[in-house]
Amino acid sequence: MTERRLLLLNGPNLNLLGTREPEIYGSTTLAQVEESTRELAAEFGFDLRALQSNAEGALIDAIHAARVDCAGIIINPAAYSHTSVAIADALSAVALPVAEVHLSNVARREAFRHHSYVSAVADVVIAGAGPLGYAFAVRYLADRIVS
């Protein structure tokens, strides 16, 4: 295992960050999120592999691949949070530390967003901090992995 790599996964519609509902998700683009997360991970001595997909299977395949060369996973499953038992099962199966991130505070939004299958298997859930949530996730995983 490459213990110095983190996997950053972003789910459906997050490719539209910066333009999609900026009043909810902000004006930071996905490319900016990935770059700032990569830079912070490097400060802790970690490489970062990033993937965004609108396809559930692609996210699951990336989770499976992480078990051989990653030390932890940061995931914003987006709408799959509320629907995907398969993503939750994949995260459980790889047995890596997981930080779930949501840009908005899902608890303050529509009732269907209040449940996340991923939260049940995540080590930490960060919601409502905007792009800063990804930095919190890196710091959490770096501390957990190095300790």
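## Helix packing and selected residues in a predicted model

The axes of helix H3 (residues 56-69) and helix H4 (residues 85-94) come within 9 Å of each other and cross at roughly 5 degrees. Axes here are lines fitted to C-alpha atoms, for helices over the stretch in contact, with angles running from 0 to 180 degrees between N-to-C directions. H3 and H4 are therefore roughly parallel to each other; angles under 35 degrees count as roughly parallel, over 145 as roughly antiparallel, 65 to 115 as roughly perpendicular and the rest as oblique. Helices (H or I, at least four residues) and strands (E, at least two) are DSSP runs numbered from the N terminus.

This is a predicted model, in which local features need pLDDT of at least 70 and side-chain atom pairs count only at pLDDT 80 or more, while totals for chains, interfaces and linings use all residues. Residues are numbered from 1 along each chain as its sequence is written, and side-chain values use heavy atoms, with hydrogens and water left out.

### H3 and H4

On the H3 side, the contact is made by Glu-56, Leu-59, Ile-60, Ile-63, His-64 and Arg-67, which meet Ala-86, Ile-87, Ala-90, Leu-91 and Val-94 in H4. Contact means heavy atoms within 4.5 Å. The residues of this contact divide into 8 nonpolar, 1 polar and 2 charged, where Ala, Val, Leu, Ile, Met, Phe, Trp, Tyr, Cys and Pro count as nonpolar, Asp, Glu, Lys and Arg as charged, and the others, Gly among them, as polar.

H3 has 14 residues and reaches 21 Å from its first C-alpha to its last, close to the 20 Å expected at 1.5 Å a residue. The expected span is 1.5 Å times one less than the number of residues. Leu-59, Ile-60, Ala-62, Ile-63, Ala-66 and Asp-69 of H3 are buried. Buried means under 20% relative accessible area, exposed over 50%, and partly exposed in between (1.4 Å probe, protein chains only). The cover over the buried residues of H3 includes S1, S2, S3 and H4.

In H4, the buried residues are Ile-87, Ala-88, Ala-90, Leu-91 and Val-94. Seen down the axis of H4, they fall within an arc of 160 degrees, so they line one face of the helix. The arc is that of the directions from the helix axis to the C-beta atoms. These buried residues of H4 pack against H3, S3 and S4.

### H2

Helix H2 (residues 30-43) has 14 residues and reaches 20 Å from first to last C-alpha, close to the 20 Å expected at 1.5 Å a residue. Its buried residues are Leu-30, Val-33, Glu-34, Thr-37, Leu-40 and Ala-41. Viewed down the axis of H2, they fall within an arc of 135 degrees, so they too line one face of the helix. The buried residues of H2 pack against strand S1 (5-10), strand S2 (47-52), strand S3 (72-76) and helix H5 (132-146). Ala-31 and Glu-43 are exposed residues on the face of H2 turned away from its buried side. H2 is followed by Gly-45, whose phi is positive, near 85 degrees.

### Residues with positive phi other than glycine

Most residues other than glycine have a negative phi. Ala-78 has a positive phi near 55 degrees, and Ala-95 has a positive phi of about 55 degrees. Ala-95 takes this value just after H4.

| Residue | Place | Relative accessible area |
|---|---|---|
| Ala-78 | loop between S3 and H4 | 14%, buried |
| Ala-95 | loop between H4 and strand S4 (98-102) | 67%, exposed |

### Arg-49, Ala-66 and Cys-70

Arg-49 is found in strand S2 and counts as partly exposed, at 29% relative accessibility. Not counting residues up to four places away in sequence, Arg-49 touches Arg-5, Leu-6, Leu-7, Leu-8, Ala-65, Ala-66, Asp-69 and Cys-70. Arg-49 and Ala-62 are 13 residues apart in sequence and 9.8 Å apart in space, C-alpha to C-alpha.

Ala-66, in helix H3, is buried with a relative accessible area of 0%. With the neighbours up to four places away again left out, Ala-66 touches Leu-7, Arg-49, Ile-73 and Leu-96. Ala-66 and Ala-79 are 13 residues apart in sequence and 22 Å apart in space, C-alpha to C-alpha.

Cys-70 is found in the loop between H3 and S3 and counts as buried, at 0% relative accessibility. Cys-70 and Thr-19 are 51 residues apart in sequence, and their C-alpha atoms are 31 Å apart in space.
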